[in-house]
Structures are given as C-alpha cells and as structure tokens.
Amino acid sequence: MDTIGSPMLWLVFGGVVIAALLVDLVLMRHGGPHKVTFKEAAWWSLGWIALAMAFNAWLWRHGVQQFGVEAGNRIGMEFLTGYLVEKALAVDNIFVFLMIFSYFAVPEVQRQRVLVIGIIGAIMLRAILIFAGALLLAKFHWILYLFGAFLLLTGIKMALAAGKEPNLEVNPALRWMRGHLKLTDGYHGNAFSVLRDGTRWYTPLFVVVALVAVTDVIFAVDSIPAIFAITDDPFIVLTSNVFAVLGLRAMFFLLQGMADRFHLLPYGLALVLAFIGVKMLLVDVYKIPVLASLGVVAAIIGATVVLSLLRPRPDPR
C-alpha cells in the first residue's frame with residue numbers, strides 16, 4: 001500500500017486521538033450525567049472541527065516539507081474533502097440515532113454515555129474496515145468498480161427511502177435480541193444488565209448500545225468506500241474518517257432539535273453518494289480533480305440545507 005503514513009505521522013495521529021478522547025471522557029465524567037444544552041453542543045462541535053482543521057493544516061505543512069508544494073496541497077485537499085464527505089454522511093447516522101433514542105425513550109442523561117461508547121467502537125471498527133479495504137484495492141484494482149456501483153445503488157436506494165420513517169419493529173438485530181435475550185421493561189440507571197434470581201436480564205440501555213453499534217456498521221459499509229473515491233492512501237482515509245466520527249456526539253446534540261428542519265438533507269446525501277459512485281466508475285476514463293469533488297459535495301450539502309430552511313416540511317395537520 002502506498003501511503004504518506006510514516007511511523008512519526010501514525011504516532012502523532014494516535015496521540016492526538018487518544019488525548020482528545022481522554023479529555024472528552026474526563027470532562028464528561030466531571031460534569032456527570034446531564035442533559036446537554038444546545039450551547040454546550042455548539043461549543044463542542046466547534047472544538048472538534050477546529051481540532052480537525054488544525055490537524056489538516058499540520059498535515060499539509062508536513063506534506064509540503066516532505067514531498068513539495070504540489071503534493072502537500074493534494075494531501076491537504078484530500079483530507080479536507082474526505083472529512084467533509086464523512087461529516088455529511090454522519091448526519092444520516094444521527095437521524096437514525098434520534099429514532100432509536102426516541103423509540104426506547106432513552107433518558108437525556110444517558111445519551112452522552114451511549115454515544116461515547118458508540119464513537120469508541122466506531123473508531124476501532126472503521127480502522128479494521130479501512131485497512132482491509134486498502135489491502136484489497138492494492139491487490140485488486142477492479143474492486144473500485146464494485147465500490148462505485150455499490151455507492152450508486154445506495155444513493156438511489158437512499159433517495160427512494162427519503163422522507164419515510166424507518167420501522168424499528170422489523171429491524172433484524174432488535175428482533176434477534178428480543179427472541180434470544182431476557183430484556184427488562186425499564187432502565188436500571190447506568191446498568192446494561194441485572195441479575196434476577198441468578199438469571200442475567202438485559203436493560204433497554206444495552207439494546208440501544210447494540211443497535212447504535214449495528215447502525216454504525218451499516219453506515220461504515222456505505223461511507224468507507226465513499227472516501228476511497230477521494231484517495232486510496234489509508235492514512236488520509238483513516239485520519240479524515242476518525243476526525244469526522246470524533247465530533248459525532250456533539251453534532252448529535254446540536255441537531256437533535258433541528259432534524260425536522262433539514263428534511264431535504266437525505267436527498268442531498270443520496271446525491272453525494274451517487275456522485276461519488278459515478279466518480280469511482282469513471283476513475284480509469286476521467287479522474288475528477290479533488291478540488292472539483294470538494295466543490296460538488298459542498299454545493300450539494302449546502303443547497304439541500306438552504307432549500308430545507310426555505311421550504312419547511314408541510315405540517316401533517
């Protein structure tokens with residue numbers, strides 16, 4: 001695999017991520033379980049974005065020093081484009097998380113904990129999938145065409161499903177847990193399970209964490225091929241992906257009260273996936289420049305957000 005990821009770069013990246021997670025966990029523990037306000041979520045979101053942009057600037061500077069201005073600009077642009085794509089696709093995760101939390105009536109004070117566990121699991125899962133994908137692409141170039149066709153079909157499927165409420169009752173993971181595990185009726189504080197007469201019973205909190213993990217697996221399968229259309233360097237793929245995931249908890253609390261206002265966004269995300277799928281299918285015919293890809297993705301997401309605000313969802317009453 002060709003990569004800019006030297007041991008020093010991997011160490012810096014790992015150190016930044018571990019430090020950021022520790023700070024997040026320490027501050028969350030210090031604050032105790034509480035309802036996250038919009039103001040708090042906004043500050044955390046700005047902080048995570050600033051951290052990602054600072055890492056991008058450092059990566060660009062390193063690229064310029066090591067490989068020259070042209071290569072450094074390409075590296076910085078690939079990271080930024082990959083980060084924007086993953087950040088946009090993460091919004092779809094949040095809509096599904098909102099549905100899960102609402103369906104199971106997850107107490108506000110528990111939502112932070114569930115999301116932090118989900119983020120740590122997502123980072124480990126995506127690292128495995130990214131390295132597996134990079135190895136496959138290094139050996140079998142034609143897999144790009146499979147990724148492209150998959151993303152194009154996923155975009156079409158997402159567009160057809162936009163505006164429809166997902167039905168958790170038919171979720172295979174939930175149906176399996178209900179059929180194979182003993183589930184309590186209510187929450188038991190922070191506990192994922194309790195013992196009753198020597199039998200292990202699982203709380204709704206365990207079910208929610210499991211569904212969040214399954215959801216992230218599904219979305220990782222969609223989003224990781226999308227970023228490989230931007231760059232095939234596993235270091236850039238992983239770093240941009242992880243920095244996008246790190247801000248997921250803050251973005252959830254930022255958007256949870258505004259999900260209905262962005263009702264056209266799923267159509268925009270579908271169009272982004274379809275565009276990236278076509279970009280992959282054309283890779284050996286015409287390679288769309290990274291800057292052009294960044295402009296198209298930003299324009300699509302920006303347009304659907306603006307249109308959502310200008311044309312609110314009709315009141316069902």
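Before you select anything, one yardstick: a residue is called buried under 20% relative accessible area, exposed over 50%, and partly exposed in between. Keep in mind too that this is a predicted model.

**Stop 1: along helix H3**

Select Arg-74 and Glu-78 and show their side chains. The two form a salt bridge, and their closest N and O atoms are 3.3 Å apart. Both residues belong to helix H3, which covers residues 69-103. They sit 4 residues apart, about one turn of the helix.

Now colour the pair by accessibility. Arg-74 has a relative accessible area of 41%, so it falls in the partly exposed class. Glu-78 comes out at 7%, and therefore counts as buried.

**Stop 2: from H3 across to H4**

Stay on helix H3 and add Glu-86, then select Arg-126. Here the side chains meet in another salt bridge, at 3.7 Å from N to O. Glu-86 is in helix H3 while Arg-126 is in helix H4 (residues 108-139), so this contact ties together parts that are 40 residues apart in sequence. Are these two partners buried or exposed? Both Glu-86 and Arg-126 are buried.

With that you have visited the salt bridges of the model: the count comes to 2.

**Stop 3: a nonpolar patch on the surface**

Switch to a surface view and select Leu-136, Phe-140, Trp-142, Tyr-145, Leu-146, Val-278, Leu-281, Leu-282, Val-285 and Tyr-286. Together they form a nonpolar patch with about 940 Å² of accessible area. Which helices each supply at least two of its residues? They are helix H5 (143-161) and helix H10 (265-281).

For a closer look, pick Tyr-145, a patch member that is found in helix H5. Its relative accessibility is 32%, so Tyr-145 counts as partly exposed.

**Stop 4: the second largest pocket**

Finally, turn to the second largest pocket, which holds about 440 Å³ of space. To find it, select Leu-144, Phe-228, Thr-231, Asp-232 and Lys-287, the residues closest to its centre among the 21 that line it. Helices H3, H4 and H10 each give two or more residues to this lining. The largest share comes from H4, with 3 residues.

What kinds of residue make up the lining of this pocket? Colour them by type and you will find 13 nonpolar, 2 polar and 6 charged residues.

Definitions and conventions:
Residues are numbered from 1 along each chain as its sequence is written. This is a predicted model: local features need pLDDT of at least 70, side-chain atom pairs count only at pLDDT 80 or more; totals for chains, interfaces and linings use all residues. Side-chain values use heavy atoms; hydrogens and water are left out. A salt bridge is a side-chain nitrogen of Lys or Arg within 4 Å of a carboxyl oxygen of Asp or Glu. Buried means under 20% relative accessible area, exposed over 50%, partly exposed in between (1.4 Å probe, protein chains only). Patches are made of residues with over 30% relative accessible area and no salt bridge: like charges are joined within 9 Å, nonpolar side chains (Val, Leu, Ile, Met, Phe, Trp, Tyr) within 5 Å. Accessible areas come from the Shrake-Rupley method with a 1.4 Å probe; for residues, only the protein chains shown count as cover. On a 1 Å grid over the protein atoms alone, a cavity is a set of points where a 1.4 Å probe fits but cannot get out, and a pocket is an open set with protein on both sides within 12 Å along at least five of seven lines; lining residues have an atom within 4 Å of a point. Grid points are joined across faces, edges and corners, and a volume is the space filled by probe spheres set on the points. Ala, Val, Leu, Ile, Met, Phe, Trp, Tyr, Cys and Pro count as nonpolar, Asp, Glu, Lys and Arg as charged, and the others, Gly among them, as polar.
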